[in-house]
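This report is a short tour for a reader who has not met this structure before. Please look over the sequence and the model shown here, then read on.

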Amino acid sequence: MMSARAESKITAADIRSSGETDTGLVREENQDCIFVDQGQGLYAVFDGMGGHQGGATASLVARNTLVDVIARNRADYRTDKLLVKACKAAGAEVHRQAKANRELHGMGTTVVVLAMPQPNQAIIAHVGDSRAYLLRDQRLRRLTADHTIVAELVAAGRLTPEQAFDHPHASVLSRNLGGLPTTEVDLLKVELNVGDRLLLCSDGLNGYATRGAIEQVLSGAADPKAAVSDLIDLAKRGGGGDNVSTVVIDITKPSPDPSQDRGAKAWWNRRPLFMSACERMGMAGSPLVTQLPVTEALEFLAGSFCEAVYLDLNGTTGIHVWTYADSLVKAWFEREDDYQPIQELFDILRAAALSVVTDVAKTDNDFAVCLEISLLRALVVGEMVVGVQLSARLEERNEQFAIQSATSELPETTFANVATVPFTSLHSAMPAGPEVNHCLTQGTQAAMQTTGAHARPRLRAILDATLISASEFSGEAEMITTACELYGNRLLTEQEIDPIFDGLDACRSAHLAAIDDLDASPVVRGVALRALAGAHQSLFHAFALVAVDAGKPTTDALQEMNENTAQLRELLQRNERQLTKLEHALDTVEDFVHGDLTK
Ligand code: CA
């Protein structure tokens with residue numbers, strides 16, 4: 001699909017810019033000069049050279065001539081020829097004045113000029129060693145090649161970049177404005193994206209700061225104004241041996257229209273609605289927060305969830321909801337071993353979130369669909385975290401059971417009648433023992449018969465993987481590998497994914513039923529069932545993760561969506577169905593495992 005970024009239109013209102021020039025720490029005079037005019041989309045840096053007064057005059061004369069030529073030819077502004085024409089005129093004028101005034105003899109200047117005839121395009125012309133850079137996706141790219149003798153020798157293969165690095169004549173220009181009556185001008189065009197940051201600078205910056213440092217400072221600065229002054233500071237920290245000039249132009253994200261009630265903002269705007277829904281459904285009475293007064297309890301459980309979702313919607317991540325669930329659940333399980341309150345909490349969060357969706361749908365049904373998908377994803381993330389935590393608890397249980405088994409012939413408490421939690425893991429320190437393994441093998445053979453897995457490779461793979469996992473108590477990494485193999489190379493569509501979920505379901509029922517039918521002692525059957533249920537759940541979980549992961553780029557991009565196009569609408573619906581299915585599938589696992597282990 002097309003990314004939302006590429007679709008968004010850049011307008012003049014999205015451009016921010018700033019420029020600064022500084023004498024540096026060593027020179028007495030600033031021979032650089034800059035031009036910044038955001039209104040007409042014209043930016044330039046000049047670095048003058050020449051004896052007493054010469055350098056400063058050259059850069060100033062070049063700037064004034066260039067700006068004047070462009071102003072007098074506005075009609076041609078959209079053509080790249082105008083920039084070349086203006087640079088040449090500037091060079092000719094500098095040369096003319098140098099000839100006319102003995103004191104200014106030999107003066108010249110560099111130029112790098114950037115014009116934005118339209119907000120999504122930059123045309124850059126340059127002569128000399130002042131540079132243009134583009135910071136895109138946090139990566140700095142240099143757009144211009146220096147016109148220096150050394151750079152040209154490197155380009156011609158006559159010097160290595162290493163030899164050029166410390167070359168005594170590194171800054172001797174092969175071209176400048178003013179040295180000759182006319183000069184060749186290099187020209188390039190760049191198509192701009194939202195988020196791009198452009199930099200024009202004189203060699204007082206790149207001569208005193210490494211490329212990496214420039215990249216870091218430029219990516220870190222909050223806005224162009226901060227960027228230009230941070231870069232000048234950077235050059236000074238590097239010695240500041242030359243005049244330094246920086247111009248930074250940002251193509252910002254289109255500013256949100258405050259009348260619009262969309263995106264993460266739509267969610268945040270309905271925080272009071274969400275909070276009161278949570279309160280109505282009795283969240284403040286949750287055992288998780290018995291020690292807190294009602295308002296604080298709601299703030300703690302509902303308020304922080306609301307904020308986490310907002311931050312995730314804003315940044316298209318899942319990390320905040322993950323952190324919310326992780327810290328909450330971890331703290332709870334350290335106190336109690338009861339899953340029920342967590343389940344109830346998530347039920348309330350889900351219902352309250354859906355009431356927000358219903359409210360959004362009153363005015364904007366399309367966006368409500370989008371929001372609902374994001375919220376469901378947030379809840380799936382939260383429940384996955386719960387699953388991980390429960391697995392850790394279960395592992396402790398298994399260890400305790402293993403110790404009991406080792407110390408008594410016939411333990412009064414068998415694993416099968418220890419109360420467990422519904423999310424299970426196959427992580428276990430419990431040795432399976434030969435009887436259990438025999439039971440697992442027999443049950444698997446029977447399940448192969450009932451499912452017809454001998455002729456169906458996918459089912460066979462599921463049964464094989466779960467048998468191995470149950471009898472060897474192998475880790476989740478193997479399950480992820482099996483899940484990836486099952487997923488293979490397919491699209492996230494119902495036709496492609498559903499058959500695998502169906503296969504996982506069918507194998508699980510057949511496998512567990514087969515074990516239940518075996519003629520073995522209840523304890524052995526209990527242990528085998530327990531191990532197999534864990535293995536199936538783990539595989540199911542791994543597959544759901546792989547599938548959710550495969551759908552992630554699409555769902556992330558959907559959150560950024562602000563245009564109601566038919567194509568996106570269709571994608572939204574497809575994702576919604578898929579995510580609901582995944583969710584439902586996770587619920588089914590939970591119910592199943594819970595039901596089976598407590599009977
Ligand atoms: Ca310089």
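## Metal site and two sheets

Asp-47 and Asp-242 are both buried. The model is predicted, and in it these two residues belong to the site of a calcium ion, which is coordinated by OD atoms of Asp-47, Asp-203 and Asp-242 at 2.3 to 3.0 Å. Asp-47 is listed twice among the donors. Along the chain, the donors follow the spacing D-x155-D-x38-D. The pair Asp-47 and Asp-242 links distant parts of the chain, 195 residues apart: Asp-47 sits in strand β3, while Asp-242 sits in the loop between α8 (224–237) and β10 (244–251).

Strand β3 is part of an open sheet of five strands, in the order β2-β3-β4-β5-β8, with antiparallel pairing. Because β2 (32–37) and β8 (186–191) each have a single partner strand, they stand at the edges, and one side of each is left without a neighbour in the sheet. Neighbouring strands here are turned by 10 degrees against each other on average, direction ignored. Strand β5 (residues 121–127) is joined to β8 by six bridges, and the two run antiparallel. Ile-124 has Leu-188 in β8 as its bridge partner.

Strand β10 belongs to another open sheet of five strands, ordered β1-β10-β9-β6-β7 and again paired antiparallel. Its edge strands, β1 (15–22) and β7 (139–142), each pair on one side only. The average turn between neighbouring strands of this sheet is 15 degrees, direction ignored. Between β9 (residues 197–201) and β10 there are five bridges in the antiparallel sense. The bridge partner of Leu-200 in β10 is Val-247.

Helices lie against both sheets. The table gives, for each helix, the strands in contact and the angle to one of them.

| Helix | Strands in contact | Angle |
|---|---|---|
| α2 (residues 54–72) | β2, β3 (42–49), β4 (108–118) | about 155 degrees to β3 |
| α3 (residues 81–100) | β3, β4, β5, β8 | about 155 degrees to β4 |
| α7 (residues 211–220) | β6 (131–136), β7, β9, β10 | about 125 degrees to β7 |
| α8 | β1, β9, β10 | about 30 degrees to β1 |

Which strands does α8 touch? Helix α8 packs on the sheet against β1, β9 and β10, and the loop between α8 and β10 holds Asp-242, one of the residues that coordinate the calcium ion.

Conventions:
Residues are numbered from 1 along each chain as its sequence is written. This is a predicted model: local features need pLDDT of at least 70, side-chain atom pairs count only at pLDDT 80 or more; totals for chains, interfaces and linings use all residues. Side-chain values use heavy atoms; hydrogens and water are left out. Two strands pair if DSSP finds at least two bridges between them. Helices (H or I, at least four residues) and strands (E, at least two) are DSSP runs, numbered from the N terminus. Axes are lines fitted to C-alpha atoms, for helices over the stretch in contact, and angles run from 0 to 180 degrees between N-to-C directions. Contact means heavy atoms within 4.5 Å. Donors are N, O and S atoms within 2.8 Å of the metal (3.2 Å for Na, K and Ca); water is not among the atoms, so sites may look incomplete. Buried means under 20% relative accessible area, exposed over 50%, partly exposed in between (1.4 Å probe, protein chains only).
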